[in-house]
Amino acid sequence: MTAPARFDVAVIGAGAAGAAAALEAARLGASVALIEAQQPGGSCVHHTCIPTSILLDAAEGFARARELGLAGVFAAGETFQLGRASDRARALVRGLAAATQTALRRAGVQLIAGHASFLEPELLAVAGGEPVRAGAVVIAAGARWEPPTIPGLPADRFATPDVVQTWREAPASCLVLGGGPSGGLFAIEYAVLLALAGSAVTLAAPGPAVCDGFDADLQPVIADLLGALGIAVHRDAAPAAAEGAAVRLAAPGREVAVDAAVVLAPDPRVPSAEGLALERAGLAPAPDGTIPVDETAAAAVPGIFAAGDVTGRGMLSSTAAAMGRAAGAGAAGDPRRFRLAAVPRLVHAVPPLAAVGLTAEAARARGLRLATATVPVEGSAWSAVRGGQPGFVRLHADARTGEILGVQAAGPGAHELVCAAAALMQAEATAGQLAAALPWHPSPLELLAEAARRL
């Protein structure tokens with residue numbers, strides 16, 4: 001066997017978690033090998049978060065232009081050009097992927113192409129290349145797509161996000177399946193995208209929640225906001241079988257037949273450590289395929305860390321990057337904890353949706369006594385600036401301590417508002433401190449401060 005190349009840290013997988021781990025370890029002075037079987041950037045850059053967000057940014061611009069056109073401000077086109085938006089997304093993704101590789105190389109990270117697997121705890125085989133020996137290994141292998149099976153549905157009527165991103169035109173009708181690790185977030189985004197592109201869209205949520213992270217009484221409100229775009233929402237519904245052009249949805253006490261030229265599974269991810277030969281490192285995955293880690297991202301075997309989707313923790317790029325930084329630091333000899341208590345969830349919809357922290361139901365399940373305030377967006381200065389758009393801001397705080405426990409929002413500025421709330425929660429700020437804030441006028445943050453004052 002060829003003598004292995006030696007590094008302080010080897011990282012398996014160059015997605016959000018792996019890239020963050022490699023950069024953090026390199027910043028701390030470690031020599032780092034980043035091994036990737038496909039493309040640096042991972043699924044986020046090439047297939048999910050980034051191309052999806054680019055497409056939705058274009059769709060939101062189209063919706064805004066259509067609104068202003070109806071107001072007579074200017075003449076706008078009547079159709080959303082999905083194919084041209086996809087071309088633009090691919091070009092921007094190529095630029096981001098190149099920038100990611102440049103950042104890694106400038107940090108001194110050595111990129112190695114090939115599939116890695118363990119030979120020993122500190123020794124990796126790389127398909128098509130020389131082996132790699134490292135003092136510590138970070139596993140950031142991500143997830144694989146495992147789409148559901150629907151009896152009677154031909155393969156050519158089933159799609160995943162990468163397929164949608166190749167379409168020149170939207171299908172006449174589409175059934176979008178909710179759920180998945182994102183808790184329905186990706187499903188809402190693709191339902192909105194295809195509705196604006198001209199599809200007759202039905203969204204099937206497998207449980208009572210259209211989107212996780214929002215209180216139970218707000219789920220019908222979210223369904224109504226989607227309904228304003230022409231999206232038919234069925235909660236507690238799952239596909240049972242396809243019969244000709246229709247797909248039958250099974251729901252408690254009822255069945256619904258939906259015409260669907262295409263069925264889309266926007267988030268069919270499952271954690272995957274396949275092909276890594278973990279047993280040779282003395283490491284066994286959990287029954288669900290995840291690699292268990294502690295709060296420093298350390299796995300059960302000393303010197304081995306794991307981060308991102310492969311751990312099943314959060315399964316968002318933001319959580320993957322946070323875990324990756326902790327894993328990279330630990331692998332480089334500077335162990336630190338990651339904290340995933342205040343992770344914002346941003347839904348690129350029309351209007352935008354966002355949430356962070358606990359829902360009312362989750363807070364009560366923990367025995368917490370809540371102080372809650374809900375502020376309507378309508379009638380505010382910020383809503384007027386954005387054309388009178390509707391929405392809401394809801395704030396949950398601990399009634400005893402004032403600690404901010406959760407924020408949920410819909411409407412213009414929801415993303416900025418919730419990201420600000422997440423930063424406050426990460427800093428353990430109280431609702432009283434938020435109430436004393438002096439946000440710019442007019443701005444969405446005024447609504448958040450107003451909610452705090454109403455507690």
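**Notes on two open sheets**

1. Let's start with the smaller strand numbers: β12, β13 and β14 sit in that order in an open sheet of 3 strands, and the pairing is antiparallel. Keep in mind while looking that this is a predicted model.

2. Now the rims of that sheet. β12 (238-243) and β14 (254-259) each have a single partner strand, so each has one side with no neighbour in the sheet. On average, neighbouring strands here are turned by 30° against each other, direction ignored.

3. If you want a spot to zoom in on, try the β12 and β13 pair. β13 covers residues 246-251, and the two strands run antiparallel over 5 bridges. Across from Ala241 you'll find Arg248 in β13.

4. Further along the chain there's an open sheet of 5 strands, again with antiparallel pairing. Its order is β18-β19-β22-β21-β20, so don't expect to read the strands off by number. The edges belong to β18 (345-347) and β20 (370-376); each has just a single partner strand, so one side of each lacks a neighbour in the sheet. For this sheet, the average turn between neighbouring strands is 10°, direction ignored.

5. Inside the 5-strand sheet, have a look at β19 (residues 353-357) next to β22 (residues 404-410): they pair in the antiparallel sense, with 5 bridges. One of the residues to click on is Ala354, whose bridge partner in β22 is Ala409.

6. Last, a helix. α13 (residues 445-453) lies across β20, β21 (392-398) and β22. Against β20, helix α13 runs at about 140°.

Key. Residues are numbered from 1 along each chain as its sequence is written. This is a predicted model: local features need pLDDT of at least 70, side-chain atom pairs count only at pLDDT 80 or more; totals for chains, interfaces and linings use all residues. Side-chain values use heavy atoms; hydrogens and water are left out. Two strands pair if DSSP finds at least two bridges between them. Helices (H or I, at least four residues) and strands (E, at least two) are DSSP runs, numbered from the N terminus. Axes are lines fitted to C-alpha atoms, for helices over the stretch in contact, and angles run from 0 to 180 degrees between N-to-C directions. Contact means heavy atoms within 4.5 Å.
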